[in-house]
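Reader: I'd like a close look at the aromatic pairs in this one, ring geometry first. Once that's done, could you walk me outward into whatever surrounds them?

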Amino acid sequence: MSSIADTPIANGPAWPRLVMVGLGTLVLLFAAFYLYQLAQPLFGAILLAIAVGFAIIFGANRFYGARFIFPGVAAVLVFIAFPVIYTIYIGFTNYSSFNLLSYERTIEVLTSRGAVDPATEQPFAVAQDGEAYRIWLPEAGLLSDPVSLQGPDSANLAPAEAPASLLERREAIKLRSGLQGLSLTSPDGTIIQNAGLRTFASVTPDYVRTGPDMLTKADGTILTANHQTGFFEDETGAQVPPGWRVNIGWGNFERVFQSEGIRGPMIGIFVWTFVFATASVALTFALGLTLAVILQWEHLRFKAVYRILLILPYAVPAFISILVFKGLFNQNFGEINLILNALFGISPNWFTDGTLARVMILIVNTWLGYPYMMLLAMGFLQSVPEDHKKAAALEGASALRVFFTITLPQIIPPFLPLLIASFAFNFNNMVLIFLLTRGLPDVPGTVIPAGETDILASFTYRLAFDNAGQQFGLAGAITLLIFLAVAAISYANFVAMRRAAQKRAGR
C-alpha cells in the first residue's frame, strides 16, 4: 500500500509550478539577503532556511504530502519557537537599558563624547563645489579645502571671500554624518570639529581608545573593558555607561533567587496569580452554572428575555466593560462608592488598598466570564437524561441532591477541558490587569517594579518594558521560570485527567 507522499502527481505540465516555486524562492532569498544587510543575520538565516525548505518541498513531488503542513510548521517555527528560544537566550544575558549596544558601538559612543571649547565655537555653512563641499566660517572669514563628506576626513582652512551660494540649513543637515567625521585645521594650527548642527569648535574628547580593550579618560584615568559585566571600568571597579550585551550565564536566575527585593514580591505575585486564576474559574463556573440551571426551570416566564440580558456582557468588548467598571469603582466619583456610602456609610479604597483591588478584579472578571460558562452549561444540561433525575426524585431525593448526585457528575467531564483552558487564559490575563489597575498599588520596599494586583504576565511586562530601567535579561529569566511552572501545572492536570478517566472507566 502506498502513502500519499509516494503518489506521483502528474496532472498537467510541471513547469508552471516550478516557475512559481522558483519565483517564491527568489523572493525569500532576496528578503534573507536584505535582512542580512540590515545587520539582522539571525532573521536572515531563518528566512534562508524557509526558502530552502520551500524550494525542496514544493519543488519535488515526493514531498507532496508535506506541502499541506509546511506553511503551518514554518509559522510555528517563526512566530512561536523562535520567540520562545530567543526569550530564553535573553534570560542568560545582561540585556537592559544600560546594555543595549554592541561592544564596538559602545566604544564609538564613548569616544565621540567631548568637551566643547566655547572660545573657539563659531557658526558654519556648507557650499557646494562640484561633487565636493567646502565649509565656510563667516565669523573668521575662513573657507576649507574641498571635502567629500562621505566619511572621516580632514581639510585645511584659509582666508577667502564668502562663497557665491551656500546650502540651505536643511540641506546641510542631510550631510550631518559626513560633517561629524570632519576635522578642520585653521591657519594658526587649531583643529576644530563639528560641535552640533550649527557650529564648529575645538573639542577635547572625554575618552580616547588607547588599546584593544582600553580607553583613557581626559584626566588620565585608564578604563578597561570587563567582558564579564559588559562595562568599561576604572581601577576601583566603577562602571562607565553605556555598556554592551554579554552572556552572564545564570546571573539573572541568581538575582531572582538570592535577592530578597526580587524574590519576595515574586513569590507574592506567583501565589496571587494562582489564586486569581483559580478563583476566576470557580466563580465564573458557579455563577454561570447557577444561572443556566435557573433558565432551565420550566415554570420560569420570559426566559428569552432573561437569556438575552444575561448573555449581553459577552457581546460587549471586554476592554469597554473593563473601562466602564474602572469608572464605576472610582473611589471619589464612582457609582458603587456612592451607593455604599448612602447605604452603609463606607467608601472603600478600591484602587489604593491591595486586598480591595484584588476583590475588585475578581468581581470584574466574574462579570466578564460568567456568560461563557452559562452558555456551555445550558448546552451540557440538555444532555442530562431526564429519566435519571425523575428516578432520583421518585426515590425521595431533594432537588439539591438530584443536582449534586445526578446532574453535576454528568456535566463535569465535558466541562473539565474547558475549565483548564479558562484557567490557562486567566493565568495570563494581562489585559484585565493593565486596563483596570496596571498592577497597582505598588508593593513597598522592592528593588523592581511590582504591584499588589500584578500577575506574573503583567509583572514581567512591567519589568521589561514599562519602567525607566528596562531589564530585558531579568524579564527573560523570569519568563523561563513562568514557562517551567506552567508546563509543570499542565502536566499535572493532564495526569490528573487521565487518572480520573481511568477511574471512571473502572481500570
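**Rings and their surroundings**

Author: Let's start with Tyr 461, which counts as partly exposed because its relative accessibility is 33%. Keep in mind that this is a predicted model. Tyr 461 has a ring partner, and that partner, Phe 434, is buried, with a relative accessible area of 16%. The cut-off at work here is 20%: a residue under that value is called buried, so Phe 434 at 16% makes it and Tyr 461 at 33% doesn't.

Now for the wider picture of rings. There are 29 aromatic pairs in the structure. One of them joins Phe 403 and Phe 404, edge-to-face, with 5.1 Å from centre to centre and 85° between the planes. Phe 403 is buried, its relative accessible area being 17%. Back to our opening residue: the ring centres of Phe 434 and Tyr 461 lie 5.1 Å apart with the planes at 85°, so this pair is edge-to-face. Phe 434 sits in helix H15 (residues 430-436) and Tyr 461 in helix H16 (residues 456-465), so the pair ties together parts that are 27 residues apart in sequence. Elsewhere, ring pairs link Phe 325, Phe 329, Trp 350, Trp 367 and Tyr 370 into a cluster.

Some rings have a charge for company. Arg 169 has its charged end over the ring of Phe 124, 5.5 Å from the centre. Arg 245 does likewise with Tyr 95, at 5.2 Å from the ring centre.

H16 leads us on to the nonpolar packing. The largest nonpolar core has 40 residues, and Phe 415 and Ile 478 are the ones with the most contacts inside it. At least two residues of this core come from each of helix H8 (260-296), H12, helix H14 (399-427), H16 and helix H17 (472-504). H8 gives the largest share, 10 residues. Ile 478 touches Val 256, Met 266, Phe 459, Thr 460 and Leu 463, leaving out residues up to four places away in sequence.

For the surroundings of Phe 415, look at Ala 377, in helix H12 (residues 354-382). The two are 38 residues apart in sequence, with their C-alpha atoms 8.2 Å apart in space. Ala 377 is buried, with a relative accessible area of 0%. Beyond its neighbours within four places in sequence, Ala 377 is in contact with Gly 288, Leu 289, Ala 292 and Phe 415.

Since you'll probably want the helices set against the annotation: an unreviewed UniProt entry lists residues 18-36, 42-61, 68-92, 269-297, 304-325, 359-381, 402-425 and 472-494 as "transmembrane region". In the model, residues 18-36 are 100% helix and 0% strand, with the end C-alpha atoms 27 Å apart. Residues 304-325 come out at 91% helix and 0% strand, and there the end C-alpha atoms are 26 Å apart.

Let's return to Arg 245, which is one of the residues touched by Asn 94. Asn 94 lies in the loop between helix H3 (70-90) and H4, and counts as buried at 12% relative accessibility. A polar atom of the Asn 94 side chain lies 3.0 Å from the backbone oxygen of Thr 229, and the side chain also reaches the backbone nitrogen of Val 246 at 2.8 Å. Trp 244 is another residue that Asn 94 touches.

Trp 244 turns up again among the contacts of Thr 106, along with Leu 101, Pro 242 and Gly 243, not counting residues up to four places away in sequence. Thr 106 lies in helix H4 (residues 103-112) and counts as buried, at 0% relative accessibility. A polar atom of its side chain is 3.3 Å from the backbone oxygen of Gly 243.

Pro 242 brings in some backbone oddities. Most residues other than glycine have a negative phi, and most peptide bonds are trans. Pro 241 and Pro 242 are joined by a cis peptide bond, with omega about 0°, and Pro 242 is in the loop between strand E15 (239-240) and helix H7 (251-258). The bond from Leu 440 to Pro 441 is cis as well, omega being near 0°; Pro 441 lies in the loop between H15 and H16, the two helices that hold Phe 434 and Tyr 461.

Technical notes
Residues are numbered from 1 along each chain as its sequence is written. This is a predicted model: local features need pLDDT of at least 70, side-chain atom pairs count only at pLDDT 80 or more; totals for chains, interfaces and linings use all residues. Side-chain values use heavy atoms; hydrogens and water are left out. Helices (H or I, at least four residues) and strands (E, at least two) are DSSP runs, numbered from the N terminus. Buried means under 20% relative accessible area, exposed over 50%, partly exposed in between (1.4 Å probe, protein chains only). A polar contact is a pair of N or O atoms within 3.5 Å; within protein, one must be able to donate a hydrogen and the other to accept it, and residues adjacent in sequence count only if both atoms are side-chain atoms. Contact means heavy atoms within 4.5 Å. UniProt positions are given in the numbering used here, feature names are shortened, and annotations may be inferred rather than shown by experiment. Rings of Phe, Tyr and Trp (its six-membered ring) pair if their centres lie within 6.5 Å; planes under 30 degrees apart count as stacked, over 60 as edge-to-face and the rest as tilted. A charge sits over a ring if NZ of Lys or CZ of Arg is within 6 Å of the ring centre and within 35 degrees of the ring normal. A nonpolar core is a set of buried Ala, Val, Leu, Ile, Met, Phe, Trp, Tyr and Cys residues joined through side-chain atoms within 4.5 Å.
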